[in-house]
Amino acid sequence: MTPLSENPFTLGVASGDPLPDSVVLWTRLAPRPHEPGNGLPAEGGIAVQWELSEDEAFRRVVRSGTATAPAADGHTVHLDLCGLEPGRGYWYRFRAERWISPVGRTRTAPRADAAVAAARFGLISCQQYDEGYYTALGHLAREDLDAVFFVGDYIYENAIDARAGARNYTEPLPEFYNHWTHTLEDYRQRYALYKTDAELQAAHAAHPWYVTWDDHEVENNYAGDVSQHDDPVDRFRARRAAAYRAYWENMPLRTPQRPAGPDLRLYRRFAYGRLAQFDLLDTRQYRSDQAYGDGWHTPGPESQDPARTITGDAQERWLLDGFRASTATWNVVAQQVCFSQRKETPGDSSRVSMDTWDGYPASRARVLAGAERAGIRNLLVLTGDDHTHCAYEVKKDFDDPDSATLGVEFLGTSVSSGFDGQARPEDWETARAANPHLKYYDARRGYVVVTLDPERVRGDFRTLSGVTTPGAPISTAASFVSEAGAPGLREA
């Protein structure tokens, strides 16, 4: 076949990392999305035209041009479009030969000195393809949002059978997916599978995304150069390099995030007018190995060693320097794993997860002390990973319920990971008793809508009845508010 005898825009379009004068536009050509190589030549590149418009009908096209989708980048386009107007919406589309892509909608950030009256963001994570449908993303696409934070586990590395697990397809998936991901081709095809989902495409097309990863984009619970199964470091770094390359190729990220082998600087900072500063963290690439062999353990000398880090020294300094320089009303830290203390049972000897910030308490203490020294009065942590909805008050001393509250954490549940879930998991009462700073806990699937204004932050916890069958309605299970200058949570 000729290169584009079939529709190449089977994986949709996306935008991300909005600045006041720029946004990244993305697409990937894949006329045969379920085949390695996607039915395209292994060398060279394909010309892709693009248009940016002030209206959805493309009557007022303000910019246009041609980019190349190189075979070396998996036939992806990363267009860093500069010279745009701040704080306004645009529509965009691509064309390759006779084929035209779906239309995407994006939005630039406000000027750094702008007084922003209010802004709304989605918080999502953890979308294991074979554990449920992306119903939540279909609803997210219809929300009125300025942007979306995706905080990890965009793909999972596990084998996927012909019926796609809980999706129970009658039309079987290709056998290629039924093995764990290790090579660049494996990871490229895993993104292709996920991105064929219409509801994921709709959520990308509707809003610009700020993305960061967690573990499953490479391997469950890896820590720096240490794999879950203690593979030889050189072998694991080769796998990490493949995974990082495929991640960059398939996300709306700029050239500075392009990886160099097994290294990719993903932590980065954005201003959203005078309203907010966003610090997106990477708590996987630089962390110390989990204490006590990972899992849930009682804290001890190994986990409490002050030399241990979840961010790495350079990223920690960058974060604390950013706190000191910030003049924003809200300092928003978007990151992967539970930041607040979460004990398994009441009492001093309770176990905690060694994979979360509880396994790195010295790191957490340094971050909170740095925020306090910098005079950060409105700290908001956005988190995923846990497949539950949680609302936490971030305490100066988590073991003292009367300790000062330094901020709040909204931990959003998964899109699909964990199957349908339940409103009150088995440990609901125990977790609430063990963690008085935990104000809300729900294990259904869904997402969070976060609304910021100069006076308060509001988190609306959206939930679904289930994801193992498509089409479930969305509802708001709970809403919590924290007032600016007086951190703490109350029901809205």
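Analyst: Buried means under 20% relative accessible area, exposed means over 50%, and partly exposed is what falls in between. Keep that scale in hand. The model here is predicted.

User: Start with the whole chain. How many helices and strands does the protein chain have?

Analyst: The protein chain has 7 helices and 25 strands. Its radius of gyration is 22 Å, close to the 23 Å that the globule rule gives for 492 residues, so the chain is as compact as a globular protein of that length. Along the principal axes, the C-alpha atoms fill a box of roughly 70 × 50 × 45 Å.

User: What percentage of the 492 residues counts as buried?

Analyst: The share is 60%. Contacts add to the picture. Take those with a sequence separation of 6 or more: 69% of them join residues 24 or more positions apart.

User: Now a single helix. Which residues of α6 are buried?

Analyst: Apply the under 20% cut-off. In α6 the buried residues are Ala362, Ser363, Arg364, Val367, Leu368, Gly370 and Ala371. They pack against α5 (313-325), β17 (379-383), β18 (389-395) and β19 (405-411).

User: How do I read the length of α6? What does α6 reach from its first C-alpha to its last?

Analyst: Set the span against the value expected at 1.5 Å a residue. α6 has 13 residues and reaches 18 Å, close to the expected 18 Å. Just after α6, Gly375 takes a positive phi of about 75°.

User: α5 is one of the packing partners of α6. What do the buried residues of α5 pack against?

Analyst: The partners are β12 (268-272), β13 (276-280), β15 (330-334), α6 and β17. The buried residues of α5 are Gln315, Glu316, Trp318, Leu319, Leu320, Gly322 and Phe323. α5 has 13 residues as well, and its 18 Å reach is close to the 18 Å expected.

User: On to pockets. How much space lies in the largest pocket, and which helix gives the most to its lining?

Analyst: Read volume, then lining, then chemistry. The largest pocket holds about 430 Å³ of space. Its lining has 19 residues, with Gln304, Gln341, Pro361, Arg364 and Asp399 nearest the centre. Helix α6 (residues 361-373) gives the most, with 6 residues. Note Arg364: it is among the buried residues of α6 and among the lining residues nearest the pocket centre. By class, the lining divides into 8 nonpolar, 3 polar and 8 charged residues.

User: And the second largest pocket: how much space, and which residues are closest to its centre?

Analyst: About 350 Å³ of space lies there. Of the 17 residues that line it, Trp296, Ser353, Thr356, Asp385 and Asp386 are the closest to its centre. The lining of this second largest pocket divides into 2 nonpolar, 8 polar and 7 charged residues.

User: What about closed spaces? How many cavities of 30 Å³ or more are there?

Analyst: A cavity is space where a 1.4 Å probe fits but cannot get out. The count is 1 at 30 Å³ or more. The largest cavity has a volume of about 40 Å³. Leu11, Val13, Ala14, Trp26, Lys195, Leu200, Gln201 and His204 line it. β1 (13-19) and α3 (198-206) each supply at least two of the lining residues. The largest share, 3 residues, comes from α3. The lining of the cavity divides into 5 nonpolar, 2 polar and 1 charged.

User: Which residues other than glycine have a positive phi here?

Analyst: Most residues other than glycine have a negative phi. Cys126 is one to check, with phi near 60°. Cys126 lies in the loop between β9 (119-124) and α1 (135-141). Ala164 is another, with a positive phi of about 60°. Ala164 sits in the loop between β10 (147-150) and α2 (184-195).

User: Are these two loop residues buried or exposed?

Analyst: Cys126 has a relative accessible area of 0%, so it is buried. Ala164 is buried too, at 0%.

User: One last loop residue. Why does Ala484 count as partly exposed?

Analyst: Because its relative accessibility is 28%, which falls between the 20% and 50% cut-offs. Ala484 is found in the loop between β24 (474-483) and β25 (486-491). Leaving out residues up to four places away in sequence, Ala484 touches Trp330, Asn378, Pro454, Glu455 and Arg456. Ala484 and Arg95 are 389 residues apart in sequence and 46 Å apart in space, C-alpha to C-alpha.

Technical notes:
Residues numbered from 1 in each chain as written. Predicted model: local features only at pLDDT ≥ 70, side-chain atom pairs only at ≥ 80, totals over all residues. Heavy atoms only, no water. 1 Å grid on protein atoms, 1.4 Å probe; cavity = no way out; pocket = protein on both sides within 12 Å on 5 of 7 lines; lining within 4 Å. Points joined across faces, edges and corners; volume = space filled by probe spheres on them. Helix = DSSP H or I, 4+ residues; strand = E, 2+ residues; numbered from the N terminus. Nonpolar A, V, L, I, M, F, W, Y, C, P; charged D, E, K, R; others polar. Expected span 1.5 Å × (residues − 1). Buried < 20%, exposed > 50% of the residue type's maximum accessible area, 1.4 Å probe, protein only. Contact = heavy atoms within 4.5 Å. Rg over C-alpha atoms; globule rule 2.2 N^0.38 Å.
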